[in-house]
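Trainee: I have just opened this structure for the first time, and I feel a little lost. Please pick one part of it and take me through that part slowly, along with whatever surrounds it.

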Amino acid sequence: MNTTKQPSKFSRFIRNNVALLLLIFCVLAITAVVLAVTLTRDNTPIDDNPVVNNPNDDEPGNTKPSEDDPTVPSKKKINVYFSAPVAYDSVGMEFTFGPSNLFVFKSTLNEWSAHKAVDLAGNEGDEVKAMYDGTVIDVGYTFLKGYYVTVDHGENVIATYASVKDTQVTKGATVKQGDVLAYIGTTAENEYREGPHLHLEVLVDNKAVDPMPYVNGEVFRTIEVDA
Ligand SMILES: [Zn+2]
């Protein structure tokens with residue numbers, strides 16, 4: 001008697017407490033996700049410094065390199081360099097946002113102003129590629145920049161690829177280094193006299209910097225990959 005009644009009591013309990021059980025399940029699920037994220041983050045090195053000469057000296061707690069531990073899959077550090085966004089013929093207007101060289105003459109507008117970018121001259125329709133992995137955070141048009149694609153390349157580096165046409169990506173898209181973002185055009189209204197070119201801006205911590213070290217492949221990130 002008792003044993004046959006038990007299941008029906010149990011199922012009635014479940015039916016009457018669906019909301020409570022769902023809530024408990026949700027709490028457990030969220031806890032599991034938070035735990036998983038926390039554990040994953042702990043395993044990810046947050047070392048921004050690409051040059052590590054003596055990791056053991058820098059971190060007193062790190063007495064044993066992971067290579068010696070057979071349970072930890074061995075990792076190796078590699079440098080991944082930024083790459084040129086276009087196969088450019090020449091640099092038109094250079095980056096001119098510094099104390100020594102503040103202004104540049106813009107022939108089209110017949111005025112002097114800072115040019116916080118570089119203009120990489122190429123052929124109309126040439127591919128404009130992502131210099132590094134990232135996330136597209138804006139695609140749009142302004143009178144000064146023409147059509148543009150803005151990519152967050154991580155570590156507070158944001159690049160805007162402007163004076164382009166036929167944008168190939170949408171806001172929110174994830175891009176890999178070398179992915180085609182758009183094509184070289186003449187859409188920046190105040191720079192059309194320069195001919196087809198990519199107007200490239202790079203912000204680091206929200207401040208404009210000379211993009212050429214990125215274009216020339218002098219900037220890199222050190223990442224860890226499986227050995
Ligand atoms: Zn420009």
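Mentor: Happy to! Let me begin with a word we will need: a strand here is a DSSP run of E, at least two residues in length, and strands are numbered from the N terminus. With that in hand, our starting point is Val 202, which sits in strand β12.

Before we zoom in, please keep in mind that this is a predicted model. Its chain has a mean pLDDT of 80, with 64% of the residues at 70 or more. Two stretches deserve a careful eye. For residues 52-59 the pLDDT is below 50, and this stretch makes three contacts in the model beyond near neighbours in sequence. Residues 98-102 also have a pLDDT below 50, again with three contacts beyond near neighbours in sequence. Where pLDDT is low, the predicted coordinates should not be read in detail.

Now for the wider setting. Four helices and 14 strands make up the secondary structure of the chain. The chain has 227 residues, of which 24% count as buried. Take the contacts between residues at least 6 apart in sequence: 64% of them join residues at least 24 apart.

Back to our residue. Is Val 202 buried or exposed? Val 202 is buried, because it has 25 C-beta neighbours inside 10 Å, and 20 or more is what a buried residue needs. If we leave aside neighbours within four places in sequence, the contacts of Val 202 are Val 157, Ala 159, Val 209, Pro 211 and Tyr 214. One of these partners, Val 157, is 45 residues away along the chain, yet its C-alpha atom is 6.9 Å from that of Val 202.

Let us follow the chain a few places past Val 202, into the loop between β12 and β13. Asp 205 lies in this loop, and it has a positive phi of about 50° although it is not a glycine. Asp 205 counts as exposed because 9 other C-beta atoms lie within 10 Å, and the limit for an exposed residue is 12 or fewer. Asn 206 belongs to the loop between β12 and β13 too, and this residue is exposed, with 7 other C-beta atoms within 10 Å. Val 157 turns up again here: Asn 206 is 49 residues from Val 157 in sequence but 8.1 Å from it in space, C-alpha to C-alpha.

Strand β12 also leads us to the largest nonpolar core, which has 34 residues. Among the residues with the most contacts inside this core are Leu 198, Leu 200, Val 149, Val 164 and Ala 182. The elements that give two or more residues to the core include β12 (197-204), β8 (146-152), β9 (157-165) and α4 (212-215). The largest share, five residues, comes from β9. As general background, nonpolar side chains in soluble globular proteins tend to be buried together.

Ala 182 gives us a view from inside that core. Leaving out neighbours within four places in sequence, its contacts include Val 128, Tyr 147, Val 149, Tyr 161 and Val 164. Two of those names meet again in a strand pairing, as Tyr 147 stands opposite Val 164 in β9.

That pairing brings us to β8 and β9, which run antiparallel and are joined by six bridges. The two strands form a hairpin with four residues between them, where Gly 154 takes a positive phi near 85°. Glu 155 is placed in the loop between β8 and β9, and it has a positive phi of about 50° despite not being a glycine. Glu 155 is exposed, with 10 other C-beta atoms within 10 Å.

Strand β8 has another partner as well. It pairs with β7 in the antiparallel sense over seven bridges, and Gly 140 stands opposite Tyr 148 in β8. These two strands form a hairpin with three residues between them. How enclosed is β8, and why? Six of its seven residues are buried, so β8 is largely enclosed by the rest of the structure.

To retrace our path: we began at Val 202 in strand β12, looked at the exposed Asp 205, and ended at β8, which is largely enclosed.

Notes:
Residues are numbered from 1 along each chain as its sequence is written. A nonpolar core is a set of buried Ala, Val, Leu, Ile, Met, Phe, Trp, Tyr and Cys residues joined through C-beta atoms within 7 Å. Two residues are in contact if their C-beta atoms, placed from the backbone, lie within 7 Å. Two strands pair if DSSP finds at least two bridges between them. pLDDT is the predictor's confidence in each residue, from 0 to 100.
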